[in-house]
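Colleague: I should like to go through this model with you, beginning with the terms we need. May we start once it is displayed?

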Amino acid sequence: MHNSSIDDAFKERVYTLIGSIPVGKVAAYGQLAKLAGAANQSRAVGRLLKNLPAQSSLPWFRVINSQGKISFPVSSEKYMQQRQLLESEGVMFINDKVNLKKYQWLEDS
DNA sequence: GGCTGGGCACTAT
DNA sequence: TATAGTGCCCAGC
């Protein structure tokens, strides 16, 4: 309905998951939501990242959308910062997007 | 304190 | 590319 808030346990699980993404890999918002036990809450994941302190040690930049693209305007500062961090880890961009087949984090591997 | 409307770092057709 | 479905959150009443 209205006035809901992100469950604390869900939050914790998402943070833990993000911290578990290996260097050089990426994960989708929906993927994290599902792993955290709430399949339809991809949007909440995005909200969590937005509220994250800028100096947080969490690798928030390894979270992108299901199309393999960064969820910011291509010319924005945030976009370039995120892209640079990923490229510095060996994640390559082709036409502003990542090859998920190659770089998506598979929880089991 | 309760409701509503609108904005989003989303996804699936 | 566009549209619909979905959920979190904030600003005004």
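Modeller: A polar contact is a pair of N or O atoms within 3.5 Å; within protein, one atom must be able to donate a hydrogen and the other to accept it. Please bear in mind that this is a predicted model.

Colleague: Which backbone oxygen does the side chain of Gln-31 reach?

Modeller: Gln-31 is placed in helix H2 and touches Val-26, Gln-104, Trp-105 and Glu-107, not counting residues up to four places away in sequence. At 2.7 Å, the side chain of Gln-31 reaches the backbone oxygen of Trp-105.

Colleague: Is Gln-31 buried or exposed?

Modeller: Buried means under 20% relative accessible area. The relative accessibility of Gln-31 is 14%, so Gln-31 counts as buried.

Colleague: What is the relative accessible area of Gln-82?

Modeller: Gln-82 lies in helix H4, residues 77-87. Leaving aside neighbours within four places in sequence, Gln-82 is in contact with Trp-60, Phe-61, Val-63, Ile-64, Ile-70 and Phe-72. Gln-82 is buried, and its relative accessible area is 2%.

Colleague: How are helix H1 and helix H3 oriented where they pack?

Modeller: Helix H1, residues 8-20, packs with helix H3, residues 42-51, their axes 11 Å apart and at an angle of about 75 degrees. Angles of 65 to 115 degrees count as roughly perpendicular. H1 is therefore, relative to H3, roughly perpendicular.

Colleague: How do the residues of the contact of H1 with H3 divide into nonpolar, polar and charged?

Modeller: H1 contributes Phe-10, Lys-11, Val-14, Tyr-15 and Ile-18, and H3 contributes Ala-44, Val-45, Leu-48 and Leu-49. The division of these contact residues is eight nonpolar, no polar and one charged.

Colleague: Which helix supplies the largest share of the surface near DNA strand B?

Modeller: DNA strand B is surrounded by 14 residues, the closest being Tyr-29, Gly-30, Arg-43, Arg-47 and Ser-66. Helix H2 (29-35) and H3 each supply at least two residues of this surface. The largest share, five residues, comes from H3.

Colleague: How far from a phosphate oxygen of DNA strand B does a polar side-chain atom of Lys-50 lie?

Modeller: Backbone N or O atoms also lie by phosphate oxygens of this strand: that of Gly-30 at 2.5 Å and that of Ser-66 at 2.9 Å. For the polar side-chain atom of Lys-50, the distance to a phosphate oxygen is 3.1 Å.

Key:
Residues numbered from 1 in each chain as written. Chains lettered and ligands numbered in written order. Predicted model: local features only at pLDDT ≥ 70, side-chain atom pairs only at ≥ 80, totals over all residues. Heavy atoms only, no water. Axes fitted to C-alpha atoms, helices over the stretch in contact; angles between N-to-C directions. Helix = DSSP H or I, 4+ residues; strand = E, 2+ residues; numbered from the N terminus. Parallel < 35°, antiparallel > 145°, perpendicular 65-115°, else oblique. Contact = heavy atoms within 4.5 Å. Nonpolar A, V, L, I, M, F, W, Y, C, P; charged D, E, K, R; others polar. Near = heavy atom within 4 Å. Buried < 20%, exposed > 50% of the residue type's maximum accessible area, 1.4 Å probe, protein only.
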